[in-house]
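Work through these short exercises with the model open beside you. Try each task before you read its solution.

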Amino acid sequence: TPLPDYKLVFLWMDKNIAVGVDQVYARGNSSPLTEYFVWPRKDAWDELRLALEGRPWMSDLDKVRLLNRLTEVINFWMGELAPDGTPLIKRPIEEARAQFPDCGFSGTL
């Protein structure tokens, strides 16, 4: 049996973005590996890092790749920022799906 891969899954919302990790098996079957972590309500990056550290069977390379991709998606989700740090323009979920085809997205925007 091939080893599983991992996939970030996102809930794309107006004021928050939530992220979790699914374990992906052969033939596209997947299973949630973590709960969802919500940013910016909490530090989702750090919460995900701690959750991944608690899974010793995952390679360090897989963990780093997931965290790096999370950073890219959060930056994309934030879009352009006003001087006070609030988002000016929210990017639609379709753009996120096109930009990050290795991730899963659900949501309303």
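**Exercise 1. Find the volume of the largest pocket and describe its lining.**

Step 1. The largest pocket holds about 200 Å³ of space. On a 1 Å grid over the protein atoms alone, a pocket is an open set of points where a 1.4 Å probe fits, with protein on both sides within 12 Å along at least five of seven lines. The volume is the space filled by probe spheres set on the points.

Step 2. Eleven residues line this pocket (an atom within 4 Å of a point). Nearest its centre lie Tyr6, Lys7, Arg65, Leu66 and Asp102. Strand 1 (5-12) and helix 2 (60-78) each give two or more residues to the lining. Both are DSSP runs (helices H or I, at least four residues; strands E, at least two).

Step 3. Sort the lining by class: five nonpolar, no polar and six charged residues.

The model is predicted: local features need pLDDT of at least 70, side-chain atom pairs need 80 or more, and totals for chains, interfaces and linings use all residues. Residues are numbered from 1 along each chain as its sequence is written, and side-chain values use heavy atoms, without hydrogens or water.

**Exercise 2. Describe how helix 1 packs on helix 2.**

Step 1. The angle between helix 1 (residues 44-53) and helix 2 is about 165 degrees, and their axes (lines fitted to C-alpha atoms over the stretch in contact) are 10 Å apart.

Step 2. The two helices are therefore roughly antiparallel (over 145 degrees).

Step 3. List the contacts (heavy atoms within 4.5 Å). On helix 1, they include Trp45 and Leu48; on helix 2, Leu66 and Leu70 are among them.

Terms used
Nonpolar A, V, L, I, M, F, W, Y, C, P; charged D, E, K, R; others polar. Axes fitted to C-alpha atoms, helices over the stretch in contact; angles between N-to-C directions. Parallel < 35°, antiparallel > 145°, perpendicular 65-115°, else oblique.
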